[in-house]
Amino acid sequence: MDNETPKITQAMINAYDEYTHLTLDRRRFMEKLTHLAGSGAAAAAIAPMLAANGAKADIIAPADDRLTAQDVTYPGAGGVTMKGYLVKPKNASGAIGGVIVVHENRGLNNHIKDVARRMALEGFNALAVDFLSPNGGTPADEEQARQMFTNLDAGGVAANGEASRAYLAGISGANGKVGAIGFCWGGGTVNNLAVKSPNLNAGVAYYGAQPKAEDVPAIKAPLMLHYGGLDERINAGIPAFKAALEKNGKTFEIFVYEGANHAFNNDTSSARYDKAAADLAWSRTVAFFKKNLA
């Protein structure tokens, strides 16, 4: 390969998506990647480019003097103690809205904490929730974290999401309004929280699995739904979800970013990150929250 940057194809990105969503194990993923790349050496060079790099997580420094940030615990459902990372803007004038930030299927990592800091700089109290709290919290090993998600049930996740909403609504400096933003697994979690929580004030789901059509009537919160145009697996659920939202008179917006992949917002994954799509989706998201959480 000399010193050239390895070429990453859509088939490689699709294989990584299979792997991260537990339909391929690590060994089979590397076998498939080796076949697609042409050699084991090429596959070994490409794999880190597909994966998220935690070392690149901090766009906003953890010690940014415009913010106050701390690890917190609070009551979850069924006696569980929930863990989270709470960030507040220092210059807030008066009570402000809150935003729950929901992680991908890697758990509460540095990238999601950074997203919470970005949200706080937009003028919200931001709570990045560790939804693996019932199982002891997010481990350092990303592979282990992914496996832990298979032991979470949707009902418990929604109940802990509602507990998180109630906690964030009641902290000092809060105006009582809370929205939620989630990515990948977290996008599906936001959609499900919208079904289960009549008190959620706004939901933004990035490439998240859609709820069942029969559950849509329960949604009260306005929704903003972001999808990558190349994300065939998740996008297959858009038509039924859209039809159910329309049929039931829900307030929603759907944006599909052509040429963008699943996880296009995750700037720690160089192969899938799409800056143009991510920036546009973020600007739309912030405006949406400012409208609904003021």
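The exercises below work through a pocket, two nonpolar cores and one histidine in a predicted model.

**Exercise 1.** Describe the largest pocket by its space, its lining and the elements that contribute to that lining.

*Solution.* Begin with the space, which comes to about 430 Å³ in the largest pocket. Turn next to the lining, which is made up of 22 residues, with Cys184, Trp185, Gly188, Thr189 and Ala209 lying nearest the centre of the pocket. Then assign the lining to elements: α6 (154–170), α7 (185–196) and α8 (232–235) are those that give two or more residues, and α7 gives the most, with 4 residues. Finally, sort the lining by class, which yields 11 nonpolar, 8 polar and 3 charged residues.

**Exercise 2.** Find which members of the largest nonpolar core touch the most other members, and list the contacts of isoleucine 219 beyond its neighbours within four places in sequence.

*Solution.* The largest nonpolar core holds 37 residues, and within this core Ile219 and Phe241 touch the most other members. Once neighbours within four places in sequence are set aside, isoleucine 219 is in contact with Ala194, Val195, Phe241, Leu245 and Lys250. Another core of 36 residues lies apart from the largest one, and its members include Ile60, Ala202, Phe264 and Phe288.

**Exercise 3.** Locate histidine 35, decide whether this residue is buried or exposed, and relate its position to that of isoleucine 60.

*Solution.* Histidine 35 belongs to helix α2, which spans residues 26–37. Because its relative accessible area is 68%, and exposed means over 50%, histidine 35 is classed as exposed. Along the chain, histidine 35 and isoleucine 60 are 25 residues apart, and their C-alpha atoms are separated by 38 Å.

Conventions: Residues numbered from 1 in each chain as written. Predicted model: local features only at pLDDT ≥ 70, side-chain atom pairs only at ≥ 80, totals over all residues. Heavy atoms only, no water. 1 Å grid on protein atoms, 1.4 Å probe; cavity = no way out; pocket = protein on both sides within 12 Å on 5 of 7 lines; lining within 4 Å. Points joined across faces, edges and corners; volume = space filled by probe spheres on them. Nonpolar A, V, L, I, M, F, W, Y, C, P; charged D, E, K, R; others polar. Core = buried A, V, L, I, M, F, W, Y, C linked by side-chain atoms within 4.5 Å. Buried < 20%, exposed > 50% of the residue type's maximum accessible area, 1.4 Å probe, protein only. Contact = heavy atoms within 4.5 Å.
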